[in-house]
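Welcome! Have a look at the model below and turn it around a little before reading on. The notes that follow go through it topic by topic.

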Amino acid sequence: MEKGTIQVYYGNGQGKSAAALGNAIRFASQGKKCIIIEFLKSETNTDYFEKLEPEIKLFRFERSKEGFENLTEEQKQEEKINILNGLNYAKKVLGTGECDLLILDEFLGVIDEGIVDEEDIISALQSKSLITNVILTGQNMSQGLFEIADNVLKLESEK
């Protein structure tokens with residue numbers, strides 16, 4: 001049995017989510033199951049992802065069509081509840097080994113926004129199923145996640 005890894009793609013450059021999706025497609029092509037949970041992103045057209053089911057499933061718990069940074073403070077408070085529901089689902093997936101690859105897209109921003117404590121996600125990652133692989137994406141890397149990650153890739157634009 002292969003041991004699952006924790007990877008982090010971070011930085012100000014583009015391509016973090018695309019790299020994570022590329023891994024999901026690679027896993028799916030091997031008959032493995034992937035779950036993607038999006039955080040803090042504006043709503044996108046998910047028709048394409050429906051074609052990838054059942055191997056790749058996309059979840060978005062936030063209700064607003066706008067990105068988190070464009071919301072009023074009142075709307076942000078409402079979305080924080082939805083984001084925590086997404087985190088609880090991620091914890092369930094991590095604990096049960098429901099998939100081979102779990103992608104927490106733009107999750108590092110949830111830590112930056114103070115919605116989730118770094119220790120909370122580290123605890124969930126440390127208690128994950130042995131076979132589950134995890135990819136987290138976002139702009140800013142935290143020290144605690146850096147220490148527990150197996151691979152950390154920084155993506156930056158050069159031009």
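Ser142 has a polar atom in its side chain that lies 3.4 Å from the backbone nitrogen of Leu145. The model is a predicted one, and the distances here are computed from it. Ser142 is a good place to start, and other residues follow below.

**Ser142 and its partners**

- You will find Ser142 in the loop between S5 and helix H6, which covers 143-148.
- The side chain of Ser142 also makes a polar contact with the side chain of Glu118, at 2.6 Å.
- Is Ser142 buried or exposed? Ser142 counts as buried because its relative accessible area is 17% or less, namely 16%, and the cut-off for buried is under 20%.

**The loop between H5 and S5**

- Thr132 sits in the loop between H5 and S5.
- Ser129 has its place in the loop between helix H5 (118-126) and strand S5 (133-138).
- Thr132 has a relative accessible area of 0%, so Thr132 is buried.
- Ser129 is buried too, with a relative accessible area of 17%.
- Which residues does Thr132 contact, leaving aside its neighbours within four places in sequence? They are Gly4, Thr5, Leu94, Gly97, Cys99, Asp100 and Leu102.
- Ser129 touches Leu94 and Gly97, not counting residues up to four places away in sequence.
- Thr132 and Tyr48 are 84 residues apart in sequence, and their C-alpha atoms are 24 Å apart in space.**Two cysteines and no disulfide**

- A disulfide is a covalent bond between the sulfur atoms of two cysteines.
- How many disulfides does a search of the whole structure find? The search finds zero.
- Why do Cys34 and Cys99 not form one? The sulfur of Cys34 is 7.0 Å from the closest cysteine sulfur, which belongs to Cys99, and that is too far for a bond.
- From the other side, the closest cysteine sulfur to that of Cys99 is in Cys34, again at 7.0 Å and too far for a bond.
- The cut-off that matters in this reasoning is 2.5 Å between the two sulfur atoms.
- Cys34 counts as buried, at 1% relative accessibility.
- Cys99 is buried as well, with a relative accessible area of 2%.

**The largest pocket and Glu106**

- Rolling a probe the size of a water molecule over the atoms shows where empty space is left.
- The largest pocket holds about 230 Å³ of space.
- Which residues line the largest pocket? The lining is made of Lys16, Leu40, Phe68, Glu69, Glu106, Gly109, Asp112, Glu113, Gln139 and Asn140.
- By type, the lining residues of the largest pocket divide into five charged, three polar and two nonpolar.
- Glu106, one of the lining residues, lies in the loop between strand S4 (101-105) and helix H4 (108-112).
- The phi angle of Glu106 is near 65 degrees, a positive value in a residue other than glycine.

**Strand S3 and Phe59**

- Phe59 belongs to strand S3, residues 56-60.
- With a relative accessible area of 25%, Phe59 is partly exposed.
- Along the chain, Phe59 and Ile37 are 22 residues apart, while their C-alpha atoms are separated by 4.7 Å.
- Leaving aside neighbours within four places in sequence, Phe59 is in contact with Ile35, Ile36, Ile37, Glu38 and Tyr89.

**Around strand S6**

- Asp150 has its place in the loop between H6 and S6.
- Asp150 is partly exposed, with a relative accessible area of 42%.
- How are Asp150 and Thr5 placed, given that they are 145 residues apart along the chain? Their C-alpha atoms are separated by 5.9 Å.
- Asp150 is in contact with Gly4, Thr5 and Ile6, once its neighbours within four places in sequence are left aside.
- Glu156 is found in the segment after strand S6 (151-154).
- Is Glu156 buried or exposed? Glu156 is exposed, with a relative accessible area of 57%.
- Glu156 and Tyr10 are 146 residues apart in sequence and 8.5 Å apart in space, C-alpha to C-alpha.
- The side chain of Glu156 makes a polar contact with the side chain of Lys154, at 3.5 Å.

Terms used: Residues are numbered from 1 along each chain as its sequence is written. This is a predicted model: local features need pLDDT of at least 70, side-chain atom pairs count only at pLDDT 80 or more; totals for chains, interfaces and linings use all residues. Side-chain values use heavy atoms; hydrogens and water are left out. Helices (H or I, at least four residues) and strands (E, at least two) are DSSP runs, numbered from the N terminus. Buried means under 20% relative accessible area, exposed over 50%, partly exposed in between (1.4 Å probe, protein chains only). Contact means heavy atoms within 4.5 Å. On a 1 Å grid over the protein atoms alone, a cavity is a set of points where a 1.4 Å probe fits but cannot get out, and a pocket is an open set with protein on both sides within 12 Å along at least five of seven lines; lining residues have an atom within 4 Å of a point. Grid points are joined across faces, edges and corners, and a volume is the space filled by probe spheres set on the points. Ala, Val, Leu, Ile, Met, Phe, Trp, Tyr, Cys and Pro count as nonpolar, Asp, Glu, Lys and Arg as charged, and the others, Gly among them, as polar. A polar contact is a pair of N or O atoms within 3.5 Å; within protein, one must be able to donate a hydrogen and the other to accept it, and residues adjacent in sequence count only if both atoms are side-chain atoms.
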